[in-house]
Amino acid sequence: MNTLRSNSSARAGDGTGGPATPTTAAHAANTPVYGRIGGGAWLRHAKRAADIAMAGSFFLFFGWAYALIWLGVLVSSGGPAIYMQPRYGKDGKVFKFYKFRSMVAESDAVLARHLRENEAARREWAVYQKLQNDPRITRFGAILRKYSIDEFPQFWNVLKGDMSMVGPRPCMFTQKDLYGDYWGHYCAVRPGITGLWQISGRNEISYRRRAAMDAEYVARLSLWRDLVILLKTFGVVTGARGSR
């Protein structure tokens, strides 16, 4: 039986070079694969059908809220309400990733300057790929991000087939190497709106542990587990736990 493998404990560890904890990265590195990576044909079709049903229901029942948030972004910060960025998807293919815009214009330049001038921020970014006090985020954007409302446009990604309701979070180009040996597992499924990372601490855990969690999710893929993750996501989001 195949197993997930890691060349070093640091790669699957806590982001500091120390050993992984038993319940996260190290556990993932030794998780047996219960079936084909990414699931068999029946599982892929069933997962896709569930994605379409849930994303379609969101727009049917909450399309009015989507429109109000769109207007709120435009009024509070101007410019386009939807932020688009290329991300890696299934099979390593690139797709346009959608979010409600929560950052200022020229956010990349703002981040680069902040990291250049702040050593503590550089260390935080190196481990988490996130910042507790991010200078790029607008006031309205901070509210959207706290409750993950900025993720709503990704329901369009789900309907288009770019994403799934549950899976690894879409990977940015600069984050690919952080997956190490787990990159093949990331590419085996569609990235998700939510996943193990969201219900296991979100931005309170390092990116390396997040990659190991993604690999563990793919190794034990099932519709039942997707349902459990979705239900737990509601509690995490409403409590704004681990948000940045």
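Here are short questions and answers on helix H2 and some salt bridges in a predicted model.

Modeller: Residues are numbered from 1 along each chain as its sequence is written. In this predicted model, local features need pLDDT of at least 70, side-chain atom pairs count only at pLDDT 80 or more, and totals for chains, interfaces and linings use all residues, while side-chain values use heavy atoms, leaving out hydrogens and water.

Biologist: At which residue does H2 bend?

Modeller: H2 is a helix (a DSSP run of H or I, at least four residues, numbered from the N terminus). H2 has 37 residues, yet its end C-alpha atoms are only 45 Å apart, short of the 54 Å of a straight helix (1.5 Å times one less than the number of residues). The bend, taken as the angle between axes fitted to the seven residues ending at a residue and the seven starting there, is about 75 degrees at Phe62.

Biologist: Is Phe62 buried, partly exposed or exposed?

Modeller: Buried means under 20% relative accessible area, exposed over 50%, and partly exposed in between (1.4 Å probe, protein chains only). Phe62 has a relative accessible area of 43%, so Phe62 is partly exposed.

Biologist: Which residue forms a salt bridge with Lys47?

Modeller: A salt bridge needs a side-chain nitrogen of Lys or Arg within 4 Å of a carboxyl oxygen of Asp or Glu. Here the closest N and O atoms are 2.4 Å apart, and the partner of Lys47 is Asp226.

Biologist: How many residues apart are Lys99 and Glu151 in sequence?

Modeller: Their side chains meet in a salt bridge at 3.8 Å, N to O. Lys99 lies in strand S2 and Glu151 in the loop between helices H5 and H6, so the pair ties together parts separated by 52 residues.

Notes:
Helix = DSSP H or I, 4+ residues; strand = E, 2+ residues; numbered from the N terminus.
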